[in-house]
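Trainee: Could you take me through one part of this model up close? I'd like a single connected walk rather than a list.

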Amino acid sequence: MQDILKNLPQEAKDKHNENTNFFKKLKKKPPKQLDYIMQELHDEEFKRTDCLTCANCCKTTGPLFTDKDVKRISKHFRMKPQRFIDQFLRIDEENDYVLQSVPCTFLGADNYCSIYDVRPKACREFPHTDRKKFQQISNLTLKNVAICPAAFNIVEEMKKRIQ
């Protein structure tokens, strides 16, 4: 896995123009079965991919925390939401709550998440490759292929499947 993660940013960079062009075409004319295809590709990839061997998303990026996330997680810790915010979060350039630093505070050395059952929505949905109307999140996907080997593989398979 370390070799894959080491090479992933360069591979994503090498494919960036190709992927950008592919997503532009996809946005203009998405196939009728796109959501079905994406769900199938996502499910197939995650039969082969064990996130616990990677956790690169948790090591290199931080999720957005919605107000609902903050309430749910602070309740889990039995603390007031503002205390949770003060202790773990900051406001970014887009006025969103994000982690104060990465890797994620809640990631263990074994790649397990200490708040897995109450984790932020952004974490639950990552890498967003099974999202409905997938063509609408192409910018996010272009970023995620450089972080997540599964997202990279899904996009590569997608390009083969959708001509």
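Mentor: Let's start at the second largest pocket, where helix 1 gives the most to the lining, with 5 residues. Keep in mind throughout that this is a predicted model. The pocket has a volume of about 160 Å³. Going round its wall you meet E18, N21, F22, K25, L26, K29 and P31, and then K159, I162 and Q163 from much later numbers in the chain. Two of those names, F22 and L26, also turn up among the buried residues of helix 1.

Now for the helix itself. Helix 1 covers residues 2-28, which makes 27 residues. From its first C-alpha to its last it reaches 37 Å, close to the 39 Å expected at 1.5 Å a residue. Still, don't picture a straight rod: helix 1 bends by about 55° at H16. Have a look at the backbone oxygen of H16 while you're there, as the side chain of T20 reaches it at 2.8 Å.

T20 deserves a stop of its own. This residue sits in helix 1 and has a relative accessible area of 19%; the cut-off for buried is under 20%, so T20 is counted as buried. T20 also shows how the chain comes back on itself: S138 is 118 residues away from T20 in sequence, yet their C-alphas are 8.1 Å apart.

Along with T20, the buried set of helix 1 holds L5, L8, A12, N19, F22, F23 and L26. These residues pack against helix 2 (34-48), helix 3, helix 7 (138-144) and helix 8 (149-161). Follow L5 across and you land on N56, which touches L5, T61 and I147, leaving aside residues up to four places away in sequence. N56 belongs to helix 3, residues 56-60. With a relative accessible area of 13%, N56 is buried. Its side chain has a polar partner, though: the side chain of N56 reaches the backbone oxygen of I147 at 2.8 Å.

From helix 7 it's worth stepping back into the loop that leads to it from helix 6. P127 is in that loop, and the peptide bond joining F126 and P127 is cis, with omega about 5°. K133 is in the loop between helix 6 and helix 7 too; its phi is positive, about 55°, although K133 is not a glycine.

Step back once more, to the loop between strand 3 (97-99) and helix 6 (121-125), and you find P103. Here the peptide bond from V102 to P103 is cis, with omega near 5°. On the other side of strand 3, in the loop that comes from strand 2 (89-91), there is N95. N95 has a positive phi near 70° and is likewise a residue other than glycine. Its relative accessibility is 63%, so N95 counts as exposed.

For a contrast with N95, finish on S74, which lies in helix 4 (residues 67-76). S74 counts as buried, at 1% relative accessibility. Setting aside residues up to four places away in sequence, S74 touches M79, K80, P81 and F84.

Note on methods
Residues numbered from 1 in each chain as written. Predicted model: local features only at pLDDT ≥ 70, side-chain atom pairs only at ≥ 80, totals over all residues. Heavy atoms only, no water. Helix = DSSP H or I, 4+ residues; strand = E, 2+ residues; numbered from the N terminus. Buried < 20%, exposed > 50% of the residue type's maximum accessible area, 1.4 Å probe, protein only. Polar contact = N/O pair within 3.5 Å; in protein donor to acceptor, adjacent residues only side chain to side chain. Contact = heavy atoms within 4.5 Å. Expected span 1.5 Å × (residues − 1). Bend = angle between axes of the 7 residues up to and from the residue. 1 Å grid on protein atoms, 1.4 Å probe; cavity = no way out; pocket = protein on both sides within 12 Å on 5 of 7 lines; lining within 4 Å. Points joined across faces, edges and corners; volume = space filled by probe spheres on them.
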